[in-house]
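Open the model in your viewer and keep the selection panel at hand. The tour below goes stop by stop.

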Amino acid sequence: MKLLSKQQFILLLFGLGFLFPFFAWIIELNRGGIEFSLSGLGEIHRSNPILIILDTIPVVFAVLGYLIIQKKEEIQQQFDTVQSKLTSQTENINRVATFAEKIGNGQYDIDFEVADDSDTLGKTLQNLRDKLYENNQKESLQNWEMVGKDKINQILRKHNDVNILSYEVLEALIHYIDVPQGLFYIFDDESEKLYISASYAYNRKKYLEGEVKVGEGLVGQAAIEKDIVHRTEIPDYYLSITSGILGEKKPDSILIVPLFMEDKLQGAFEFASLKRFKQHEIEFIKNIAEIVAQTIYNLKITEKTEKLLKESQEMTQELKENEEELRQNAEEMRLTQEELEKTNINLEEKIEEVNRSQKRLYSLLENASELITIYDEKKKLKYVSPSVKNILGYKEDDMFAGKDFDRTNKKGQNTISQMFENLIKNPDEAQTIQYTYLNKKGSIMFLETTGRNLLHDSAINGLLLNTTDITERKRAEKEQRMRGQMQTLSDNSPDIIIRVDLNRQFFYANPAIECYSELKSEEFHKKHLNEVDLREELTTFIDQTVEEVKDKKEKVQTQISFPVNEEERIINANAIPEYNEEERLETILFILHDITELKKIEQEIKEKNAKITDSINYAFRLQNAILPSQKQIRSFFPDSFMFYLPRDIVSGDFPWLYAKDDDVYIAAIDCTGHGVPGAMLSLIGYFLMNQIVSQPELNNPGQILNQLHTGVQKTLKQDMDESSGRDGMDIALCKINTKKMELEFSGAHRPLYLVRDGELKEYKGTRAAIGGIPRPGKPEPEFENFVIKIQKGDAVYFFSDGLPDQFGGPEGKKYFPKRIKESVIKHKDTPMNQIHTFFKNDYLKWMGDEKPIDDVLLIGIRF
C-alpha cells in the first residue's frame with residue numbers, strides 16, 4: 001500500500017478534525033429545531049460559544065499533522081546519518097580486522113592506510129606491524145644462522161676423521177654462504193705449521209702451498225694476530241676463480257678466519273668470493289670457527305685418549321689370555337702329574353738324601369722370601385723349599401704332585417720350558433723369566449724366576465731355580481702407568497688443574513697454568529704460593545680457599561673474575577679436599593674452568609628475551625586500553641568483582657562490557673590459545689562484539705552469539721574450502737536490565753551459576769564453540785537464550801576454563817567446577833570484594849609449585 005504524501009496526510013487530519021465541529025453543529029441544530037443553513041449556523045454559534053472552539057479543531061489537527069511530518073523527516077534524517085556512520089565504522093572495523101588477521105598470519109609487508117586521525121586502533125596496528133616486521137627480519141637472520149650451525153653440528157657429530165670432517169664442513173659452508181672457493185687448514189702442534197686439510201674448487205692444485213708457517217702470508221698473519229682477515233683488495237699472486245660462464249676471474253673479496261680454542265690455534269678457514277662478504281656472513285663464519293675449533297681440539301684429545309685406552313685394553317686382553325691358557329693346560333698338567341708319580345719309583349733311593357738335606361735347611365728356607373726349586377736335566381722336580389707355603393700357599397707335596405707347572409698358563413709353561421732349554425744349551429749363563437701363577441687362594445700372581453745350571457755341582461746336581469713373588473711390584477708398575485696416563489689427560493686439559501698442600505706448597509700444576517704465569521708448569525713443583533709468579537687475583541683466591549676448605553672440610557665451589565688482555569674472564573673454580581689413609585686432610589685439588597663464553601651467550605639470550613618481552617608488554621598495554629577494568633564494571637554493578645589473571649603477559653581470555661540504553665552486556669570470553677596468538681584473536685572477538693551489539697535489530701544474547709559465530713568464521717575465512725584454521729572462542733554472555741530486574745544469558749561451552757537463597761542453579765551453555773570450520777552436512781549451531789527474573793540478593797558467576805582446569809592440590813588434580821560451586825555457596829553472604837580475595841588466594845594455594853596452564857577469568861555480580 002502506497003504511503004500518503006505530506007499534503008494528503010495534512011488534509012486527512014483536517015478532515016478528521018472537521019468531523020468534531022460538524023457533528024456538534026448537527027446536534028445543536030436538531031436540539032433548537034433550526035434549519036441547516038449559514039444563518040442557522042451563525043445562530044447556534046451565537047447561542048453556544050463553545051462551538052467556536054470546536055471549529056478550531058480541524059486547524060489544530062492540520063497543524064499537528066504538519067508537525068508530525070516535520071518530526072518524522074527529522075528523525076529519518078538522523079537515522080540515515082547514524083546508519084551512514086555505522087556503515088563506515090563497520091567497513092573500517094572489517095578493514096582493521098583483515099589487517100590484524102594478516103599480521104597474525106605473518107604478512108608484515110602489507111600496506112595499510114589509516115582512515116583518519118581518530119583511528120587509534122589502525123595507527124596502533126600499523127606500529128605493531130612495523131615492530132613485528134623488524135623483529136621478523138632479525139629472527140630470519142637468527143634462524144639462518146641457527147640452521148647453518150645445525151648443519152655444521154650434524155657434520156661434526158657424524159665424523160671422527162679430521163680429513164673427512166674438514167672437507168664436509170668446508171663444502172657445507174661453501175654452499176651455505178654461496179662462495180665459489182675455500183680452503184680448510186689444520187694446525188699441526190709438533191711442526192707448528194698450518195696444513196691444507198681440504199680444498200674446494202681449486203682446479204690447479206700445483207699452485208696451492210701444502211703448508212703455511214704462522215706469520216707468513218694472509219693465513220699466517222690471521223693466525224698470529226688471532227683475528228679474521230677480510231680483504232677486498234686482492235693481491236696479484238692470489239689464485240683466480242675459474243668458471244665455465246665467467247672464465248677466469250680474480251675474486252672480489254677473501255675472508256680468512258683462524259680457528260682458536262682457549263687461545264690455542266687449531267686451524268683456519270679461507271674463502272674467496274666474487275661478491276663482498278656481508279657482516280652477518282662474517283659473524284656466522286666466526287661463530288662456526290669457534291665450534292669447529294672445539295671439535296678439532298676434542299678430536300685430538302680423543303685420539304690421545306683412545307691410544308692410551310687401546311694400550312690398557314691390550315694389557316687386559318693379555319691377562320685374560322694368560323688366565324685362559326692356565327685353564328686349558330690343567331689337563332696337560334694332570335698327565336704330567338701321573339708321569340711324575342711313575343718316576344717316584346725311581347727316586348726312592350734319593351728320598352732319604354733329600355730328607356736329610358731338608359732337615360738341615362728347613363728352618364732357614366721356611367721363612368725365606370724366595371722359593372728355591374731344583375730340577376734334573378729332564379725337568380723333573382727334585383727339591384722345593386719350605387717357603388712354598390708362604391709364597392704360593394701350597395704344601396711341598398703339592399708341588400711334587402704337579403702344582404709347580406699346572407698352575408701356570410700355556411705361555412708361562414712355554415717360557416719355563418724355553419728357560420730349561422737355554423740352561424742346558426748355555427750352562428754358564430743364568431736365565432731370568434717372568435710369568436703368572438695361580439696360587440692356593442685362586443689369585444693370579446706374578447713370579448720372577450732366575451735359573452742356573454748346577455748339574456756339575458755334586459751338592460746340587462740339578463737346575464737351581466730361585467723364584468720371587470713380584471705381584472706387588474707389577475701392581476706398582478701398573479699404577480705408575482695409570483698415573484702417567486692420567487697425567488697425560490690432565491696435561492692436555494684446557495682447565496687449570498693444580499694441587500697444593502695446607503701450607504700452600506704446589507705438588508702439581510698442568511700446562512694450562514702457563515696462560516696466567518711466566519713460569520712453566522713443571523717449575524711450580526715444590527714451590528710455595530708466594531714464590532710463583534701468578535696473577536694477584538689467583539694468588540688471593542688460592543690462599544683464601546685453602547683456609548675455607550680447612551675449616552669446612554668439604555668441597556668449595558665459586559666464581560672469580562679478572563681482566564686478561566683487556567677482557568674480563570670469568571672462571572668457575574672448584575676446590576676439592578684430598579685425604580690420606582688416616583682420613584686426614586692432606587692436599588687440595590683446584591680445577592679452574594673458563595666460562596666467559598658461556599656467560600656471553602647467557603647475556604645475549606637475556607637481551608633477546610628482553611626485546612621480545614618489550615614487544616609483548618606493548619601489546620599488553622594495547623589490550624588493557626580496550627578491555628573493561630574492575631572500576632568500569634563496578635560503575636554498573638557496585639557489588640561485583642573480576643578475578644583476571646593472564647598466564648602470560650597478554651591474554652587470550654578477556655572480559656567484555658557494553659552499555660546500550662537500560663541494558664548492560666557483560667561477557668567472559670575464552671579465545672583459543674593464550675599469550676600473543678590468543679591476544680590477536682581477542683582483538684577480533686572484541687571488535688566483532690561491539691559491531692554486532694551496536695545493531696538495533698539484535699537484542700538477546702542467543703542472537704548475538706549466532707552473529708558472532710558467523711562473523712568469526714568469515715573474519716578467519718573458515719567458511720572457505722581451503723581453510724585449515726580451527727581457532728575460535730568459548731563465551732558466557734549476559735544481558736542485564738536492573739530496572740526490569742531481568743537477566744538474559746547464552747553460552748558457548750560456558751555455564752552461568754545463579755545463587756539464590758543459599759542454593760545454586762546452573763544454566764549450561766550450548767555445547768558448541770564460536771568459530772571453527774563448518775562440518776559438511778551438519779547444521780550450524782543455534783545458541784540457546786535463557787531469560788531469568790532476578791531478585792534482590794541474587795548472585796551470578798561466569799568464567800573461562802582456566803580456573804577449573806588448573807592442576808594442583810596435594811594430589812596434583814584439577815581445580816574442577818565442583819570446587820567453584822562449593823565456594824560460592826559457602827560465601828553466599830560474603831561481600832564480592834572478599835570473594836575475589838578468597839578465589840585469588842585459593843587459586844594460588846591450589847596451584848602451589850605447579851605452572852599455570854591457561855589464562856584465568858572469573859566474574860561475579862550480586863544484585
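Select His749 in this predicted model. His749 is partly exposed, because its relative accessible area is 38% and the partly exposed class lies between 20% and 50%. The residue sits in the loop between β23 (742-748) and β24. Check its backbone: phi of His749 is near 70 degrees, a positive value in a residue other than glycine. Most residues other than glycine have a negative phi.

Now go to Asp178 for another case. Phi is near 60 degrees at Asp178, again positive in a residue that is not glycine. Look for Asp178 in the loop between α6 and β1. Is Asp178 buried or exposed? Asp178 counts as exposed, because its relative accessibility is 55% and exposed means over 50%.

**The sheet that holds β24**

Return to β24 and select residues 752-756. Strand β24 runs antiparallel to β25, and 5 bridges join the two. Show Arg756: it stands opposite Glu759 in β25.

Now colour the whole sheet. It is open, has 5 strands, and follows the order β19-β31-β28-β24-β25 with antiparallel pairing. Which strands stand at the edges? They are β19 (640-645) and β25 (759-763); each has a single partner strand, so one side of each is left without a neighbour in the sheet. On average, neighbouring strands here are turned by 15 degrees against each other, direction ignored.

Select β31 (856-862) next. How many of its residues are buried? The count is 7 of 7, so β31 is mostly covered, buried meaning under 20% relative accessible area. Show the side chains. Val856, Leu858, Gly860 and Arg862 point one way from β31. Leu857, Ile859 and Ile861 point the other way.

Follow the partners of β31. β19 pairs with β31 in the antiparallel sense over 6 bridges, and Leu645 stands opposite Val856. β28 (795-799) is joined to β31 by 5 bridges, also antiparallel. There, Tyr797 stands opposite Gly860.

Add helix α21, residues 832-847. The helix lies across β19, β28 and β31, and runs at about 20 degrees to β19.

**A sheet with a helix packed on it**

Move to the open sheet of 5 strands in the order β10-β9-β13-β12-β11, with antiparallel pairing. At its edges stand β10 (381-384) and β11 (431-438). Each has a single partner strand, so one side of each lacks a neighbour in the sheet. Neighbouring strands are turned by 25 degrees against each other on average, direction ignored.

Zoom in on β9 (370-375), which pairs with β10 in the antiparallel sense over 3 bridges. Ile374 has Tyr383 in β10 as its bridge partner. Then show helix α13 (410-425). It packs on the sheet, touching β9, β11, β12 (444-454) and β13 (462-469). Its direction makes about 155 degrees with that of β11.

**The largest nonpolar core**

In soluble globular proteins, nonpolar side chains tend to be buried together. Here, the largest nonpolar core has 33 residues. Which of them touch the most other members? Select Val169, Leu173, Phe184, Phe269, Phe271, Ile285 and Val292. Elements giving two or more residues to this core include α5 (120-158), α6 (162-177), β1 (181-188) and β8 (264-273). The largest share, 10 residues, comes from α8.

Centre on Phe271. Leaving out residues up to four places away in sequence, its contacts include Leu170, Leu173, Ile174, Ile177, Val179, Phe277 and Ile285.

**Helix α1 and two cysteines**

Select residues 6-32, helix α1. Its 27 residues reach 40 Å from first C-alpha to last, close to the 39 Å expected at 1.5 Å a residue. Its buried residues are Ile10, Leu13, Gly17, Pro21, Ala24, Trp25, Glu28 and Leu29. Just after α1, Gly33 takes a positive phi of about 65 degrees.

Now look at Cys671 and Cys734. Cys671 counts as buried at 2% relative accessibility, and Cys734 counts as buried at 0%. The structure holds 0 disulfides.

**The whole chain**

Zoom out. The protein chain has 21 helices and 31 strands. Of its 863 residues, 42% count as buried. Among contacts between residues at least 6 apart in sequence, 57% join residues at least 24 apart.

Terms used:
Residues are numbered from 1 along each chain as its sequence is written. This is a predicted model: local features need pLDDT of at least 70, side-chain atom pairs count only at pLDDT 80 or more; totals for chains, interfaces and linings use all residues. Side-chain values use heavy atoms; hydrogens and water are left out. Two strands pair if DSSP finds at least two bridges between them. Helices (H or I, at least four residues) and strands (E, at least two) are DSSP runs, numbered from the N terminus. Axes are lines fitted to C-alpha atoms, for helices over the stretch in contact, and angles run from 0 to 180 degrees between N-to-C directions. Contact means heavy atoms within 4.5 Å. Buried means under 20% relative accessible area, exposed over 50%, partly exposed in between (1.4 Å probe, protein chains only). A nonpolar core is a set of buried Ala, Val, Leu, Ile, Met, Phe, Trp, Tyr and Cys residues joined through side-chain atoms within 4.5 Å. The expected span of a helix is 1.5 Å times one less than its number of residues. A disulfide is a pair of cysteine sulfur atoms within 2.5 Å.
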